[in-house]
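Visitor: I would like a close look at one part of this protein, namely its charged side-chain pairs. Please keep to what the model shows.

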Amino acid sequence: MISFWNPKVTMSAAVLGGVLAAYHGETSASGAAQDAAKVTTVASGVYSADQAKRGQTKYNQVCGNCHLSDLSGSDQAPGLAGGEFLDRWDGQSVGDLADRIRTSMPQDDIGSLNTQMSVDLVAYLLQANNFPAGQEELKADRGFLKTVMIKKK
Ligand code: HEC
């Protein structure tokens, strides 16, 4: 007759517990610890004020007619500043937001934005959501953009 042999699978919980990194985000000269644990959020000044201004100009040209100039939204177009917007995007990356804009907006002229324009628009949306500007522009590098996380305050 047929007999079954069921190997007993054992798992060590110690394996799962081993990966905790202590990480001090102090502004010391040594950046080694920071490089090892690279998690950037929009709280750390990831766009420049000039870039947000470019984004705003574009926004007023091609987005404001639906999302309104104060970003409060209208009809089907949701608001792009404030609690509900941030609830939807919390935990996603600025790259996700830039891709969403580039591939589906402006809804009446889809495909008209290049990556740089979508990133400038993201800079403006970050500014409008009270995230601070920094010294450098948000780079239009899609790999990098995926590492910068939108995090509600
Ligand atoms: C013709 C009207 C219209 C225009 C113009 C337009 N949008 Fe939209 N937008 C919408 C509508 C409607 C939705 C919701 C449906 C959808 O997601 O497609 C939306 C959704 C969005 C979302 C997703 C919001 C969320 O939290 O999920 C973003 C971001 C966005 N638009 C940004 C932009 C930007 C930036 C521009 C300018 C480049 C723009 N839109 C231009 C109508 C428009």
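How many salt bridges does the count come to?

Guide: The structure is a predicted model, and the count comes to 8 salt bridges. Several of them belong to a network that links Asp96, Asp99, Arg102, Arg142 and Lys146. Within this network, the side chains of Asp99 and Arg102 meet at 3.2 Å, N to O. These two residues are 3 apart in helix 6, which means that about one helical turn separates them. Asp99 and Arg102 are both buried; for Asp99 the relative accessible area is 15%, under the 20% limit for that class. Asp99 also pairs with Arg142, at 3.3 Å, N to O. Arg142 is in helix 8 whereas Asp99 is in helix 6, so this salt bridge ties together parts that lie 43 residues apart in sequence. Arg142 is partly exposed, at 43% relative accessibility.

Another salt bridge joins the side chains of Arg54 and Glu137, at 3.0 Å, N to O. Arg54 belongs to helix 3 and Glu137 to the loop between helix 7 and helix 8 (142-145), so the pair connects parts 83 residues apart in sequence. Arg54 is partly exposed, with a relative accessible area of 36%, and Glu137 is also partly exposed, at 36%.

Next to Glu137 in the numbering comes Leu138, one of the residues with the most contacts inside the largest nonpolar core, which has 28 residues. Helix 3 and helix 6 are among the elements that give two or more residues to this core, and helix 7 gives the most, with 7 residues. The residues that Leu138 touches include Gln51, Val94, Val122 and Phe144.

How values were computed:
This is a predicted model: local features need pLDDT of at least 70, side-chain atom pairs count only at pLDDT 80 or more; totals for chains, interfaces and linings use all residues. Side-chain values use heavy atoms; hydrogens and water are left out. A nonpolar core is a set of buried Ala, Val, Leu, Ile, Met, Phe, Trp, Tyr and Cys residues joined through side-chain atoms within 4.5 Å. Buried means under 20% relative accessible area, exposed over 50%, partly exposed in between (1.4 Å probe, protein chains only). Helices (H or I, at least four residues) and strands (E, at least two) are DSSP runs, numbered from the N terminus. Contact means heavy atoms within 4.5 Å. A salt bridge is a side-chain nitrogen of Lys or Arg within 4 Å of a carboxyl oxygen of Asp or Glu. Lists of a residue's contacts leave out its neighbours within four places in sequence.
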